[in-house]
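Reader: I'm new to this one. Can you walk me through it?
Author: Sure. Here it is.

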Amino acid sequence: MTTAILNWLGPTPLSRRKALWGMALVAPNVLGLMFFFGLPVLMAFGTSFNEWNAIKPPRFVGLDNFERLLYEDSFEQALTNTFKLIALVVPAEILLALGVALLLNLPLRGRGVLRALYFLPVVTSTVAASVVWTGIFQPRYGILSQVLEPFGLGETKWLVEPGLVLIPVAVVAVWQRVGFDMVIFLAGLQTIPGVLYEAALIDGAGRWQRFRHVTLPMLSPTTFLVVVLAVINSFQIFDQVYVMTLRTVPGGVGGSATTLTYYLYRRAFTNSEFGYASAVALVLFAIILLVTVFQLRIQRRWVYYESEEG
Amino acid sequence: MFKTRHSLMVLVIVLLMSALAMPVYAQDGGEPVIAAQPCDEPGELTMWVWDEVWAGIIGESIEAWKADYCPGAEVTLEVQPWGQYWDLLKTNAAGGDLPDVFNMSQTNYFFYAENEALLNLQPYWDEYGVDTTIWGSGMVDPYRWGEDGDLFAAPVNWDTIAIFYNKDMFDAAGLDYPTADWDWNDFAEMAAALTDPEADVYGAAVYAEYQAGYPNWIAATGVTPVAEAGRAGCTLEEPGSLEALNFLKGLLDEGIMPDVSTVGGASPDDAFNFFASGKLAMVAGGSWKLSQALDEVPFNWDVVQLPRHPETGRSRSILHAVGYVASARTENPDLAANLILFLASDEGQRFFAEGGNVAPANPSPAIQQLWIDSFGETDINIQTFVDATIDSQGVTVFDEIWDAINSEIVVQIFDLGMDVEDAAAAACDVVEPYMVQ
């Protein structure tokens, strides 16, 4: 037994000591993660099999909560809204971030200031930003309605019309993420060796061809990372919905702006259905996991790593 | 051993003496409506409130309680802001860790009562000789529970609704100011006369949200708005409800009332700000708006009771009273009840009355006058809010249907232009599953 542990730690006394030191040093972090992340996740797992209103003792109901998910229209709606939002947010976010990164990678004057400006929304409180954006989208006196007036779109009820409300939510989400993605893209762009462009130039490649055949493939590992992060992030959009619909109908008219995270929050804290809400959380977790695994699987079709043979 | 018994004796004597010497609030020579009483044994309590201003006032009254009725007691008073109050309360309830005494709303009461999380205060009311019918029914009925209608809370305050109107606009239009005997037709005529599309001025906005909005108008028809007492069924499709909603929708369709998007939000605060910005001649507002209105509204204004329904002749205000409740699991139930008694007593409520802003629930005329006087020299008809408590309607909405009733139906009718009948039916679909059949 003891020898097994010793062997597991390392082959020599020195390496064992090193291993122990290493463990001691990461222990605070690992323990913190276990207590404040691992434990709640496990508890959510347990809660999802119970009916629990937070006051009375939980009652074990097996898979009832998950079964309910299948039949509740409101869950289906929240799921659909979440995917609609992802479809709105992820492509827009990535294209904009890539565009901005490409421009800010050029030797412009005041490039540093511009980069900082684009990054500013990332460090702005989502709640504060959403409040301001709510004002911008205000149909009667908001700035947007005045800008859109000439196009016959003045006084559009962005935050109330069930068919429109996801658009302002998506706009704020994109606005807040572009800076973050841009920084990653910029880092990715810096790693592309200049010789490749020179070689392409000598071969007579034009501007578009250099972008298409040098920049894009060389940037694909970065793009992959950005896409994965963006998708996960969009699955978890909550604050924007919470704040932007607060002054009209929370969660949108008829639940039209309710995303999965907002849905489970309301189920837990408004309806006191903590078991059901935990089940929703677990399903959300499973969906994100599946989507991410799927992305990892198909990455070899389009992600180009330098070390690989082309 | 002897020493402890000795000091206990001393304590009892001191308590008795302070009880005898207690400064009963009876400056007018009359008996207090609710008399505070000394506690049996001091101890420690925790208490939660959701408002900073309240915390200040309650803090003062707790000091008075400790000094005059319960020397040696310790109360830890915490403010949990409204935005997180109910979430925190729920999570603490889950951990079996509710504060001993805390503020409750009529909208949230059902959940905590149903789950037996609250201490039954009725035995204490009986013991202290408090007749719980001295409070208006709108203040306490929503806090009763069980077959005998035991009262689980002491009302802290009341809020009623009235019409705030811009006197300058009435003068400019050459209209007489409204009086308490006006009815819906007078209201509609005045609102139409005050509307001026050229100047972007609307006559009135009175539909927004449950408390200040359309339910007041439904109540005036004689129907209990939204849900029958005891959650016995949705009432929004009853003729009275439809009549009230159609009356208000008619004003919207005629351009006399602005829609939600124009006002900038579905809350009465949004409507009030719209009024304060001079774009609205009349707005329905709560008594809680008085201080702000006195400070900030830049034109001449006054308040008048909600207009009467032409047939029933009733002007009915929705009334909400915050309550003091105690946790069922408190370690010091007697002490918690004693503190609540004090906070509801004439002496304890005086602090609220003098603080202004919050209207004290204690029905003593002296206390109500103190509240009116707390606003200082003003010719605003504040008494109208006190009058509105008489024929008032307690709150019938609750958490699970809150959005549907508070804002969704409002936005659907008054912003998206949905038919009243359709919107009412949709709202009832949300309400019905929560009714006790």
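Author: One term before we start: a residue counts as buried when its relative accessible area is under 20%, and as exposed when that area is over 50%. Keep in mind that this is a predicted model.

Reader: Ok. Is S272(A) buried or exposed?
Author: Buried. Its relative accessible area is 5%, and the cut-off is under 20%.

Reader: Where does S272(A) lie?
Author: In chain A, in the loop between α12 and α13 (274-302).

Reader: What is its phi?
Author: About 55 degrees. That is a positive phi, although S272(A) is not a glycine.

Reader: And what about the phi of E116(B)?
Author: Also positive. E116(B) has a phi of about 55 degrees and is not a glycine. E116(B) sits in the loop between α4 and α5 (122-128) of chain B.

Reader: Is E116(B) buried or exposed?
Author: Exposed. The relative accessible area of E116(B) is 61%, and the cut-off for exposed is over 50%.

Reader: New topic: pockets. What space lies in the largest pocket?
Author: About 1,800 Å³. The lining has 48 residues, and the closest to the pocket's centre are W82(B), W86(B), E209(B), W402(B) and N406(B).

Reader: Which elements give two or more residues to that lining?
Author: From chain A, α12 (260-269). From chain B, α2, α3 (82-94), α4 (106-114), α12 (268-276) and α18 (402-414).

Reader: Which gives the most?
Author: α3(B), with six residues.

Reader: How does the lining split by class?
Author: There are 22 nonpolar, 15 polar and eleven charged residues in the lining of the largest pocket.

Reader: Where does this pocket lie with respect to the domains of chain B?
Author: Between domain 1 (33-158 + 320-373) and domain 2 (161-319 + 381-434) of chain B, because both give residues to its lining.

Reader: And cavities? How many of 30 Å³ or more?
Author: One. The volume of the largest cavity is about 140 Å³. Of its 15 lining residues, Q138(A), P139(A), L159(A), T248(A) and G264(B) are the closest to its centre.

Reader: What classes line the largest cavity?
Author: Seven nonpolar residues, six polar and two charged.

Reader: Let's do rings. How many aromatic pairs are there over all chains?
Author: The structure holds 52. One of them is F45(A) with F49(A), whose ring centres are 5.5 Å apart.

Reader: Why is that pair called edge-to-face?
Author: Because the planes are at 80 degrees, and over 60 counts as edge-to-face. F45(A) itself is partly exposed, at 44% relative accessible area.

Reader: What about Y69(B) and F342(B)?
Author: They form a tilted aromatic pair. The centres are 5.4 Å apart, with 50 degrees between the planes.

Reader: Which parts of chain B does that pair tie together?
Author: Y69(B) is in the loop between α2 (52-68) and β2 (74-79), and F342(B) is in helix α14 (residues 333-344), so the pair ties together parts that are 273 residues apart in sequence. Both Y69(B) and F342(B) are buried.

Reader: Which residues form an aromatic cluster in chain A?
Author: W52(A), F238(A), Y242(A), Y262(A), Y265(A), F269(A) and F274(A) form one.

Reader: Any charges over rings? Which ring does R68(A) lie over?
Author: The ring of Y276(A). R68(A) lies over its face, 4.0 Å from the ring centre. In chain B, the charged end of R231(B) sits over the ring of F110(B), at 3.3 Å from its centre.

Reader: Back to α18 of chain B. Where is V411(B), and what is its relative accessibility?
Author: V411(B) is in that helix. It counts as buried, at 0% relative accessibility. V411(B) and V260(B) are 151 residues apart in sequence, but their C-alpha atoms are 6.5 Å apart in space.

Reader: And P155(B)? Buried or exposed?
Author: Buried, with a relative accessible area of 0%. P155(B) lies in strand β6 (residues 154-155) of chain B. P155(B) and V325(B) are 170 residues apart in sequence and 9.1 Å apart in space, C-alpha to C-alpha.

Reader: Last one. Where is R350(B) found?
Author: In helix α15 (residues 346-355) of chain B. R350(B) is partly exposed, with a relative accessible area of 22%. From R350(B) to I57(B) is 9.7 Å in space, C-alpha to C-alpha, and 293 residues in sequence.

Note on methods:
Residues are numbered from 1 along each chain as its sequence is written. Chains are lettered from A and ligands numbered from 1 in the order in which they are written. This is a predicted model: local features need pLDDT of at least 70, side-chain atom pairs count only at pLDDT 80 or more; totals for chains, interfaces and linings use all residues. Side-chain values use heavy atoms; hydrogens and water are left out. On a 1 Å grid over the protein atoms alone, a cavity is a set of points where a 1.4 Å probe fits but cannot get out, and a pocket is an open set with protein on both sides within 12 Å along at least five of seven lines; lining residues have an atom within 4 Å of a point. Grid points are joined across faces, edges and corners, and a volume is the space filled by probe spheres set on the points. Ala, Val, Leu, Ile, Met, Phe, Trp, Tyr, Cys and Pro count as nonpolar, Asp, Glu, Lys and Arg as charged, and the others, Gly among them, as polar. Rings of Phe, Tyr and Trp (its six-membered ring) pair if their centres lie within 6.5 Å; planes under 30 degrees apart count as stacked, over 60 as edge-to-face and the rest as tilted. Buried means under 20% relative accessible area, exposed over 50%, partly exposed in between (1.4 Å probe, protein chains only). Helices (H or I, at least four residues) and strands (E, at least two) are DSSP runs, numbered from the N terminus. A charge sits over a ring if NZ of Lys or CZ of Arg is within 6 Å of the ring centre and within 35 degrees of the ring normal. Domain bounds come from an automatic or database domain assignment.
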